[in-house]
Amino acid sequence: MARTKILLDEKDMPRQWYNLAADLPSPPPPPLGPDGKPITPDMLAPVFPMNLIEQEVSTDRWIDIPEEILEMLTLWRPSPLYRAKRLEQHLGTPARIYYKNEGVSPPGSHKPNTAIPQAWYNKQFGIKRLTTETGAGQWGSALAFACALVGLECKVYMVRISFDQKPYRRLMMETWGATCVPSPSAETNAGRAILKEKPDTPGSLGIAISEAIEAAVTDPSGKTRYSLGSVLNHVLLHQTIIGLETKKQLKKAGEKKVDAVIGCCGGGSNFAGLAFPFVADKIHGADIAIIPVEPTSCPTMTRAPYAYDHGDTARMTPLLPMHSLGHGFVPPPIHAGGLRYHGMAPLVSRVIVEGLAEPRAYDQLKCYEAAVLWARTEGFISAPETSHAIAAAIDEAVKAKEEGKEKVIVFNWSGHGLMDLTGYDAFFRGKLVDFPLPEEELQKSIASMKGFPKPEMPRRKK
Ligand SMILES: Cc1ncc(COP(=O)(O)O)c(C=O)c1O
């Protein structure tokens, strides 16, 4: 009988994170400051502690994971790799479908893989309090959990639409000792300005990021820093523990070759965490389809330009080289709150412009259909974000059936949806609709980047 779960011992946990920046064919262009010049690490110091800034700019291939962090990660790591045998049977596919179950962490997603190190490095640096934003509530609850373990205060600005849709996430954050307010809030200049213009706004990650950064940099004690749950290099770095474990587990399962690696993409962290160790193989000649998946309502990778843009709405962050729909973009209120971000991680964006990944976009209804089929075959109830990866894995498995090929498909099951059942409710009641982004809206939104510098493209495009 083929195994359902491929498990690793705690002693087999990776001891180092993998940094893709060391292996990319061309390095991502640098972030730019307000004067259009590359920013220096010092300029980030009011926002992040220097030990994390060092990781942000590092081009070392391997970075040691401190023992104390590993010890905290063992609360749920190594996470199990599952074989989706029941789904395979249902689809009648010759493909073998594997999924990395990141929903086993206490908050229920991959997010604590970086929340724990971020809280730990801040504490080491003498910081007392972290601020952050959250979309779906997964990141906010992960940071609240990490701050409880490490011993830091935590303040979370939660995108209003999710705050209203997901009251239980706020309660989780409060249980771990954090404070959570809806964004835009009246507590910051950025929030007040937006509320004045659009009092009924559903909010966006871009707005919530502006509020959280403002709250950190204006703390007169100097003991508050900001923490970001995705997008940045050090966040993606911390998530690579997922892909490194997966490689060991696939070997244990007897797999010699992987054909497709899939992850859903909001800011890019769970996708990168699974995929980057495989992207390294692809750079060195392996034939692997690397597939990041996004919603059609927020088509950052599939329709937005690779450009320099701000990571937040109030333009407080440096200009980052990334696929962006424009910093003012407010996505439609789909239930996958964590995928409603206007930008994409610079490293993921670079992987795409290098021709190393093939992004695709799916409609919300297709993803819910996939998530319901998943629940009725594999049992687990998925986060709405994760359902995008499931839909792509199903498409790949069906393609393998049509081609009669025994493919190996691996995807990141980034989180459970037990706090997201209102989306399932809307789906079952026929109240859910698709929101493909109209072209005129896209054009209007990307116009906000007019006049910004253009990032250099790789010279050699595959
Ligand atoms: C379960 C889950 N998956 C995926 C994402 C998307 O984020 P990222 O692209 O950084 O993995 C989120 C974000 O909130 C999430 O909660």
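**Exercise 1. Find the residue of β11 that is the bridge partner of I262, and describe how the two strands are joined.**

Solution. Begin in this predicted model with I262, whose bridge partner in β11 is I291. Next, widen the view from this one pair to the two strands: β10 and strand β11 (residues 289-295) pair in the parallel sense, and five bridges hold the pairing together. Then follow the chain itself, which leaves β10, passes through helix α13 (residues 269-283) and arrives at β11, making a β-α-β crossover that is right-handed. Finally, look for a further pair between these strands, and you will find that G263 stands opposite P292 in β11.

**Exercise 2. Decide whether the residues of strand β10 are buried or exposed, and examine both faces of the strand.**

Solution. First recall a general point: in a regular strand the side chains alternate between the two faces of the sheet. Now apply this to β10, where A260, I262 and C264 lie on one side, while V261 and G263 lie on the other. A residue counts as buried when its relative accessible area is under 20%, and the residues on both sides of β10 are all buried. The conclusion is that, because five of the five residues of β10 (residues 260-264) are buried, the strand is largely enclosed by the rest of the structure.

**Exercise 3. Carry out the analysis of cover for β11, and name the strand that it joins through three bridges.**

Solution. Sort the residues by direction: A289, I291, V293 and P295 point one way from β11, whereas I290, P292 and E294 point the other way, and all of them are buried. Seven of the seven residues of β11 are therefore on the buried side of the count, so that the strand is mostly covered. For the second part, follow the bridges to β14, which runs parallel to β11 and is joined to it by three of them; one pair to look for is V293 with its bridge partner R360 in β14.

**Exercise 4. Place the strands in their sheet, and identify the edge strands.**

Solution. Start with the order of the open sheet, in which seven strands follow one another as β1-β4-β5-β15-β10-β11-β14, with mixed pairing. The edge strands are β1 (5-6) and β14 (360-362), each of which pairs on one side only. Now move to β15 (residues 408-413), which runs parallel to β10 and is joined to it by three bridges; here V261 stands opposite V410. Six bridges join β15 to β5, again in a parallel arrangement, and within that pairing the partner of N101 is W413. To finish, inspect one residue of β5 (residues 96-101), namely I97, which is buried with a relative accessible area of 0%. I97 and N51 are 46 residues apart in sequence, and their C-alpha atoms are 38 Å apart in space.

**Exercise 5. Determine which residues come nearest to the ligand, and how much of the ligand the protein buries.**

Solution. There are 18 residues around the ligand, and of these S230, G266, S269, N270 and S414 come nearest. Look next at individual distances to oxygen atoms of the ligand: a backbone N or O atom of G266 lies 2.7 Å from one, and a backbone N or O atom of G267 lies 3.1 Å from one. With S269 it is the side chain that takes part, since an N or O atom there is 2.7 Å from an oxygen atom of the ligand. As a last step, consider the surface: the ligand taken alone exposes 390 Å², and the protein buries 98% of that.

**Exercise 6. Describe the chain as a whole, and then locate S26 within it.**

Solution. Count the elements first, which gives 19 helices and 15 strands. The radius of gyration is 20 Å, close to the 23 Å that the globule rule gives for 462 residues, so the chain is as compact as a globular protein of that length. Along the principal axes, the C-alpha atoms fill a box of roughly 60 × 50 × 50 Å, and 63% of the 462 residues count as buried. Turning to S26, you will find this residue in the loop between β2 (16-18) and α1 (41-44). Its relative accessibility is 15%, and S26 thus counts as buried, while its side chain makes a polar contact with the side chain of E354 (2.4 Å).

Technical notes
Residues numbered from 1 in each chain as written. Predicted model: local features only at pLDDT ≥ 70, side-chain atom pairs only at ≥ 80, totals over all residues. Heavy atoms only, no water. Buried < 20%, exposed > 50% of the residue type's maximum accessible area, 1.4 Å probe, protein only. Helix = DSSP H or I, 4+ residues; strand = E, 2+ residues; numbered from the N terminus. Pairing = 2+ DSSP bridges. Right-handed = clockwise from strand over helix to strand, strands pointing away. Near = heavy atom within 4 Å. Polar contact = N/O pair within 3.5 Å; in protein donor to acceptor, adjacent residues only side chain to side chain. Areas by Shrake-Rupley, 256 points an atom, 1.4 Å probe, with all protein chains shown as cover. Rg over C-alpha atoms; globule rule 2.2 N^0.38 Å.
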